[in-house]
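Visitor: Could you take me closely through one part of this model, the aromatic cluster, and state the cut-offs behind each term as you go?

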Amino acid sequence: MLNIDEIGDYRDLLKNYYAQRKLELPLYSYKMMGQKLGLETSQMFRVLNKELHLPNRSIPLVKDLLDLKGRSGELFEILVAASKTKSPAKKDKLYKMALSLKDVKMRQLNTNELLFLGKWWIPVVRTLIEMNNGSAVVSQLVKQITPVVSKEQVEEAIRVLKELKLITPLASERFAVGQANFTSSGTAKVTAIRSYQNQLLALAQNALATIEPDRRNMSSLLVGVDEDCFNDLKEMTLEFRRQVQKRVEEVQKPTKVMQFMFSLFPVADMDAVAGKAAVKNGGVAGKTAATKGVKK
């Protein structure tokens, strides 16, 4: 299935869906897909061949069919509106809105590369080298990092970054800095990510005690939610994280390295009580939840 972040015309997403269903079910037809979207067979054919646009009444049905929720659903609606408008100025504005909604591309790191997550200051050194225009003077880097790290730790970080090709030596005795965004999957990778996140939690605790309030921002929010609200909060957190990445990309001359963290976790759960009661009584319990949201 095409990723919605990879398309320009929303009908490419529909056409790809149809092709996938046809492979899975050879008898799948324009009529069958049209019935799902409230369209006649001829209308469905013309939409997939970009001769016709979706009527507005079909947009919610498409979002349900393709499971487009939250940001993806919003992006789909913008792409539909952009394709339909005849005004060049409005079309340009809508495509700019769509572009702002698309995800920042993430680089997949292999298991060996994830070793650098074992020490929190290694990614920091990479970022500082980039901010220092490729300069990697160890004594300077030591002074810039907080909490305090040693000369040996910075030297180790430079060595690891070079081996991972996250920094590449230049003739001018400086470094070119490679892409640092990444994601991961698999048991070993998840374990490495959790280790890194634990280090960041410890750094946040240290910052709370050692850094004055006007140089940091930490807050917490205790809320009661249901399952739908919980899912919305997760989506909102991901959306805010993406917006932060977009905003950071606009910075021309950064002067600080900030660690941003997002947390959303339960501190009480009525399901646990209801579940025990259901087992005891032979019944089925409904779902409710209370969660604590922390932003840093």
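Guide: Buried means under 20% relative accessible area, exposed over 50%, and partly exposed in between, with a 1.4 Å probe and protein chains only. This is a predicted model, in which local features need pLDDT of at least 70 and side-chain atom pairs count only at pLDDT 80 or more, while totals for chains, interfaces and linings use all residues. Residues are numbered from 1 along each chain as its sequence is written, and side-chain values use heavy atoms, with hydrogens and water left out.

By that scale, Tyr 30 counts as partly exposed because its relative accessibility is 26%, whereas Tyr 18, at 11%, counts as buried. Ring pairs link these two residues with Tyr 28 and Phe 45 into a cluster, where rings of Phe, Tyr and Trp (its six-membered ring) pair if their centres lie within 6.5 Å, and planes under 30 degrees apart count as stacked, over 60 as edge-to-face and the rest as tilted. The pair of Tyr 18 and Tyr 28 is tilted, at 5.8 Å centre to centre with 45° between the planes. Because Tyr 18 lies in helix α1 (residues 10-24) and Tyr 28 in the loop between α1 and α2 (30-37), this pair ties together parts that are 10 residues apart in sequence; helices here are DSSP runs (H or I, at least four residues), numbered from the N terminus. The rings of Tyr 18 and Tyr 30 have centres 4.7 Å apart and planes at 10°, so that pair is stacked. Finally, Arg 21 lies over the face of Tyr 28, at 4.8 Å from the ring centre, the criterion being CZ of Arg (or NZ of Lys) within 6 Å of the ring centre and within 35 degrees of the ring normal.

How values were computed. Helix = DSSP H or I, 4+ residues; strand = E, 2+ residues; numbered from the N terminus.
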